[in-house]
Structure formats: C-alpha cells, structure tokens
Amino acid sequence: NQLDRGGEWLSWNPGERATFVNGYIAGYRQGSHGACEVAQELFGEPGKMYRLGDQNHPSEMPSARCLARMEEYSKAKYTEASGLDVSAYTDAITEFYTKHPEYQGVPFVNLMKSLSDRNYKSADQLYQMALKGKLRPIR
C-alpha cells in the first residue's frame with residue numbers, strides 16, 4: 001500500500017498509531033510556536049509597546065495573534081495509570097479507514113487536521129466530508 005494512507009495505518013498496532021498521533025501533535029505545536037516567533041520578528045516593530053489584550057480584546061502582538069490561531073488537540077489526555085491517551089484521535093481514524101475502505105487513499109495527516117478541537121469530526125462525519133469531496137484520496 002501507499003505510505004501515509006489507510007493501509008499503512010491499519011497495519012500498525014495501537015501503540016504505533018498512538019506514537020504517530022503524539023508525534024504529530026508535538027510536531028504541530030513546535031512548528032507553530034516557531035512560526036509565531038518568526039512572525040514576531042518579521043512583523044513586530046522594535047520598541048513598540050503592544051497592548052497585551054484580554055478576553056474581550058485580542059493582543060496586537062504579531063506572535064500573540066499567530067498563537068491565537070493555532071489548533072488545539074486537547075483530547076490527548078495524560079493519566080497516571082496508562083500514560084498518554086490519544087484514543088480520541090486513533091479511534092476516529094481507525095474507524096474511518098475500517099468502515100470506509102474506499103477512502104483509504106486519504107492521507108492520515110489530512111484526517112488529523114480534521115480532528116483538532118476547532119474542527120473535530122467523528123469517523124462518520126469524516127466520511128460525510130469525504131463524500132462531499134472535502135477529503136480526497138491521493139492516488
């Protein structure tokens with residue numbers, strides 16, 4: 001099967017799937033924070049006093065505006081008993097690929113983008129997106 005698609009995902013055991021999701025989230029956070037630091041360097045004005053903002057008024061700092069747009073993956077939970085639990089993500093992806101093998105060509109990275117807090121979709125909702133052409137298999 002092709003890399004980064006349903007066949008590869010389904011060939012992994014639950015621990016390997018969790019490792020991917022954990023790495024994806026960690027990489028997303030690190031990359032986004034780095035990009036927001038660069039936004040501050042590029043678009044911030046040295047010596048300018050920025051309003052920090054509050055609940056009703058966002059900060060004017062370029063880095064803060066960038067950070068406010070970051071996706072969150074708060075369904076990843078750490079428990080003392082079992083460690084990191086990312087089953088909210090791994091289960092949705094596994095169910096999507098298992099129930100809808102015709103969409104195994106959709107890269108699992110694209111599915112992760114649809115599982116952030118702002119965009120979170122169940123496996124059935126992912127399928128509805130695929131039917132509407134919003135998740136396209138790569139051939």
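Reader: What share of the 139 residues in the protein chain is buried?

Author: In this predicted model, buried residues make up 34% of the 139 residues in the protein chain, where buried means a relative accessible area under 20%.

Reader: What makes the protein chain more spread out than a compact globule?

Author: The globule rule gives 14 Å for 139 residues, whereas the radius of gyration of the protein chain is 18 Å, well over that value, and therefore the chain counts as more spread out than a compact globule. Along the principal axes, its C-alpha atoms fill a box of roughly 55 × 40 × 30 Å. The chain holds six helices and two strands, which follow one another from the N terminus as α-α-α-β-β-α-α-α.

Reader: How many aromatic pairs does a search of the whole structure find, and why is the pair of Phe20 and Phe108 called edge-to-face?

Author: The search finds 14 aromatic pairs. In the pair of Phe20 and Phe108, the ring centres are 4.9 Å apart and the planes stand at 80°; since centres within 6.5 Å make a pair and planes over 60 degrees apart count as edge-to-face, the name edge-to-face applies to these two rings. Phe20 belongs to helix α2 (residues 14–43) and Phe108 to helix α5 (residues 108–113), so the pair ties together parts that are 88 residues apart in sequence.

Reader: How do you know that Phe108 counts as buried?

Author: Its relative accessibility is 1%, and the cut-off for buried is under 20%, so Phe108 falls on the buried side.

Reader: Why is the pair of Phe96 and Tyr97 called tilted?

Author: The ring centres of Phe96 and Tyr97 lie 5.6 Å apart with the planes at 55°, and an angle that is neither under 30 nor over 60 degrees is classed as tilted. Both Phe96 and Tyr97 are buried, and they are listed among the buried residues of α4, which also include Tyr89 and Ile93. What covers the buried residues of α4 includes α1 (6–11), α2, α5 and α6.

Reader: How do you know that the span of helix α4 agrees with its number of residues?

Author: Helix α4 (residues 87–99) has 13 residues, which at 1.5 Å a residue should span 18 Å, and its end C-alpha atoms are 17 Å apart, so the two values agree.

Reader: Why is Gln125 called partly exposed?

Author: The relative accessible area of Gln125 is 40%, and partly exposed covers what lies between the 20% and 50% cut-offs, so the term fits Gln125. This residue sits in helix α6 (residues 123–131), and its side chain reaches the backbone nitrogen of Ser122 at 2.8 Å.

Definitions and conventions: Residues numbered from 1 in each chain as written. Predicted model: local features only at pLDDT ≥ 70, side-chain atom pairs only at ≥ 80, totals over all residues. Heavy atoms only, no water. Phe/Tyr/Trp six-rings, centres within 6.5 Å; stacked < 30°, edge-to-face > 60°. Helix = DSSP H or I, 4+ residues; strand = E, 2+ residues; numbered from the N terminus. Buried < 20%, exposed > 50% of the residue type's maximum accessible area, 1.4 Å probe, protein only. Polar contact = N/O pair within 3.5 Å; in protein donor to acceptor, adjacent residues only side chain to side chain. Expected span 1.5 Å × (residues − 1). Contact = heavy atoms within 4.5 Å. Rg over C-alpha atoms; globule rule 2.2 N^0.38 Å.
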